[in-house]
Amino acid sequence: MSAATADVLIPLALDTAYSYAVPAGLDLAEGDVVQIPLGPRETVGVVWSLREGASGGNLKRVSAKIADAGMKPPLRRLVDWIARYTLAPKGLALAMALRLPDEGPRTEVARIGVRATGMPPSRATPARAKVLAVAADGAVRGKRALSLEAGVSASVVDGLIDDGVLETVALAPEPVAERPDPDHPHAVLSGPQAEAARALIATLTVPPRDGGPAGEGGVTLLEGVTGSGKTEVYFEAVAEAMRRGVQSLVLMPEIALTAQFLDRFAARFGVRPAAWHSGVGGRRRERIRAGVAAGEIPVVVGARSALFLPFGTLGLIVVDEEHEAAYKQEDGVCYHARDMAVVRAKLENAAVVLASATPSIETRVNAARGRYRRVVMPERFGGRRLPEIQAIDMRRETIPRGRYLSPSLTAAVAETNGRGEQALLFLNRRGYAPLTLCRACGHRYQCPNCSTWLVEHRFRRALVCHHCGHAERRPEACVACGTFDNLTACGPGVERIAEEVAATFPDRRVIVLSSDFPGGAERLRAELQTVAEGGCDIVVGTQLVAKGHNFPHLTLVGVLDADIGLASGDPRAAERTFQLLQQVTGRAGRGEKPGRALVQTYQPEHPVIAALISGDAERFYEEETAAREVAGLPPFGRLAALIVSAAEREAAEAHGRALAQVADPPPGVMVLGPAEAPLALVRGRHRFRLLVKTEREIDIQSYLRDWLARGPKPRGSVRVGIDVDPQSFL
């Protein structure tokens with residue numbers, strides 16, 4: 001299509017496309033990535049629309065078309081949809097989907113191979129003879145591979161290269177991902193698994209190559225108890241999508257912790273899939289994007305950002321652990337990847353699978369109302385039993401001062417280890433202690449940038465803020481009164497529990513799993529593998545141990561401070577606590593031996609704890625859903641948060657009050673606030689919140705746009721953030 005004017009959307013905080021003249025001879029189409037002048041510099045953008053005829057003689061010209069696959073219509077429509085739904089500038093939504101030329105390092109380590117030249121060596125040795133015997137077939141091998149195959153050191157190979165007996169050859173870059181084999185030999189599914197897999201395959205919208213009928217697509221909730229084999233079930237849908245020639249995307253809540261999942265994928269398909277997350281380097285990211293756009297990469301496993309990859313033939317999206325809060329992006333464009341996956345699938349005419357043992361209330365209600373299909377797997381694979389769960393009433397237990405493991409739990413751990421089995425002690429609190437104070441003067445150590453206490457990390461000998469990252473050395477003397485040896489740690493974190501475990505069980509092998517330990521994701525992967533292989537006796541961990549890991553030797557789970565999340569004012573507190581406890585107790589008994597879980601609680605009669613102990617998840621969902629409906633909370637109503645922040649508290653409060661004065665809510669809309677946020681100071685910015693609550697049928701986005709248009713414009717350091725469907729109320 002030829003046109004004189006191109007409307008180009010730029011990946012900046014801009015809500016409109018800019019018009020540029022198209023030079024003669026430059027063939028452009030909608031979705032093309034172009035280089036354009038913007039002020040004194042050049043930048044890139046995407047042609048959002050083309051118009052015949054010039055819009056004026058003073059338009060700047062498109063500089064060049066960038067050799068890129070461009071953005072296909074479904075992805076552009078997704079950008080438009082997200083911008084409308086979240087009220088984010090359209091340019092910011094585009095930035096999530098557009099690869100910028102200066103995105104990260106573009107270098108990639110060259111791969112060098114060696115092969116024999118046919119020349120004799122100037123000096124013969126037994127080691128050199130071994131190398132030449134291996135290289136005699138003329139094949140190109142890597143230097144390390146050749147030295148290992150010959151059983152010699154790398155210096156022998158280097159000497160033969162210097163002697164001219166071997167020559168170096170540049171090798172093609174390693175493929176970003178080998179092509180999975182949908183028919184790779186794998187374990188046979190059980191009857192319930194095979195039935196569930198057939199139900200998922202029946203939703204694929206591309207007809208099979210043998211000419212059978214295509215499915216209707218849509219969304220399917222795959223709900224199965226922990227250990228029921230949901231992953232193997234949706235793997236069959238991924239395999240069938242490959243046979244039909246379409247691509248699949250599997251979203252994971254935390255891709256850096258999913259080495260075990262990638263191994264399971266390789267066991268099913270023969271190779272690991274292409275992985276997409278923040279740890280993938282710049283040049284590799286480019287190659288994955290190009291392979292996805294060309295349809296050469298059939299399966300991608302990734303974090304929420306993978307949702308914006310330029311798939312050429314997307315036919316299936318799987319959202320694993322769909323209930324996880326990690327799918328919600330809180331900064332910039334505030335979107336929920338689960339919900340946007342449903343939107344993208346609709347735009348692509350693809351099928352969606354939402355998999356979870358503890359689905360969100362929203363997903364359960366959508367299934368009950370017939371918007372989503374529901375496939376249920378109520379039993380564990382192989383007939384294994386779900387763990388027996390018991391409450392330990394902490395009001396009746398006598399625990400020595402400074403200790404946190406009840407005698408009942410301590411005895412259970414000793415008994416479990418005595419049988420050669422593993423125990424997991426779970427506490428959803430990082431560090432050593434959540435508060436450090438001075439016994440002499442009462443001074444409490446608080447973050448200078450946030451209204452939160454500093455968490456002591458004794459392994460690092462530091463006090464750390466978990467919101468802004470501020471860290472300082474734990475002092476020997478109180479900074480307020482100067483007294484020595486009067487600082488005390490209040491409350492437990494996993495490091496403190498690990499210290500108690502080491503004192504109680506000095507001969508046991510203990511691993512502490514926490515996301516903020518030194519070593520990052522690689523250390524976590526290694527430690528998770530050690531646990532899975534039975535290389536430890538006791539695991540002490542935070543919530544990352546609840547994310548779908550399979551520990552076959554683990555038969556006991558002890559939950560400490562199970563009531564932590566129930567004291568929150570978050571309307572989703574009960575749901576999240578139930579999901580977390582159900583998931584972590586579900587780690588027990590996934591192998592050949594039965595498991596059990598002990599839950600330390602001060603509120604055994606609380607509906608969440610009672611439902612967990614009884615195993616009656618349906619009762620919990622029914623009661624929680626009814627309570628949401630009575631209160632008009634999602635999914636029966638709509639919520640949006642406006643977060644007003646500024647460098648000065650007075651400026652943030654004044655702007656919040658000015659917004660509230662012009663709110664003018666129509667019938668069916670309620671505006672609450674402004675009120676100081678529970679976390680009133682974060683990263684040096686003071687925060688006030690306004691909450692909008694509406695009936696389900698209200699177009700909350702239209703109301704918000706109208707309200708903000710009538711309200712005062714932010715000035716100075718004042719910023720207004722909008723979060724439609726908020727997941728966090730801090």
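**Exercise 1. How many bridges join strand 1 to strand 4, and do they run parallel or antiparallel?**

Before starting, a word on what you're looking at. This is a predicted model, where local features need pLDDT of at least 70 and side-chain atom pairs count only at pLDDT 80 or more, while totals for chains, interfaces and linings use all residues. Residues are numbered from 1 along each chain as its sequence is written, and side-chain values use heavy atoms, with hydrogens and water left out.

Step 1: Find the two strands. Strand 1 covers residues 5–9 and strand 4 covers residues 41–51. Strands here are DSSP runs of E with at least two residues, helices are runs of H or I with at least four, and both are numbered from the N terminus.

Step 2: Look at the pairing. Strand 1 and strand 4 are joined by 5 bridges and run antiparallel. Two strands pair if DSSP finds at least two bridges between them.

Step 3: Pick a spot to check by eye. Aspartate 7 sits opposite serine 49 of strand 4.

Step 4: Zoom out to the sheet. It's an open sheet of 5 strands in the order 2-1-4-3-5, with antiparallel pairing. Strand 2 (18–21) and strand 5 (64–65) are the edge strands, each pairing on one side only.

**Exercise 2. Describe the chain as a whole.**

Step 1: Count the elements. The chain has 19 helices and 30 strands.

Step 2: Check the overall dimensions. For 730 residues, a compact globule would have a radius of gyration near 27 Å, and the chain's 29 Å agrees with that. The radius is taken over C-alpha atoms, and the globule rule is 2.2 Å times the number of residues to the power 0.38. The C-alpha trace spans about 80 × 80 × 65 Å along its principal axes.

Step 3: Look at burial. Of the 730 residues, 50% are buried; that means under 20% relative accessible area, with exposed over 50% and partly exposed in between (1.4 Å probe, protein chains only).

Step 4: Look at contacts. Among contacts with a separation of 6 or more, 74% link residues 24 or more positions apart. A contact means heavy atoms within 4.5 Å.

**Exercise 3. Work out where strand 17 sits and what it pairs with.**

Step 1: Check its burial. Strand 17 (residues 422–426) has 5 of its 5 residues buried, so it is largely enclosed by the rest of the structure.

Step 2: Sort the side chains. Gln422, Leu424 and Phe426 point one way, Ala423 and Leu425 the other way, and all are buried.

Step 3: Find the partners. Strand 17 runs parallel to strand 25 (residues 554–559), with 5 bridges, and parallel to strand 24 (residues 538–541), with 4 bridges.

Step 4: Pin down the register. Glutamine 422 is opposite leucine 554 in strand 25, while leucine 424 has valine 539 as its bridge partner in strand 24.

**Exercise 4. Which residues does glutamate 575 touch, leaving out those up to four places away in sequence?**

Step 1: Place the residue. Glutamate 575 belongs to helix 15 (residues 573–585), and its 3% relative accessibility makes it buried.

Step 2: List the contacts. Glutamate 575 touches Pro359, Ser360, Ile361, Glu362, Phe620, Glu624 and Arg628.

Step 3: Follow one of them. Serine 360 lies in the loop between strand 14 (351–356) and helix 11 (361–368), and is buried with a relative accessible area of 3%. Beyond its neighbours within four places in sequence, serine 360 contacts Glu322, His323, Arg338, Glu575 and Gln579.

**Exercise 5. Track down some unusual backbone geometry.**

Step 1: Recall the background. Most residues other than glycine have a negative phi, and most peptide bonds are trans.

Step 2: Find the cis bonds. One joins proline 634 and proline 635, with omega about 10°; proline 635 is in the loop between helix 17 (617–631) and strand 27 (637–646). Another runs from glycine 673 to proline 674, with omega near 15°, and proline 674 is in strand 28 (residues 669–682).

Step 3: Find the positive phi values. Leucine 87, not a glycine, has a phi of about 65° and lies in the loop between helix 1 (73–86) and helix 2 (90–95). Aspartate 725 has a phi near 60° and comes in the segment after strand 30 (719–724).

Step 4: Check their burial. Leucine 87 counts as buried at 17% relative accessibility, and aspartate 725 counts as buried at 19%.
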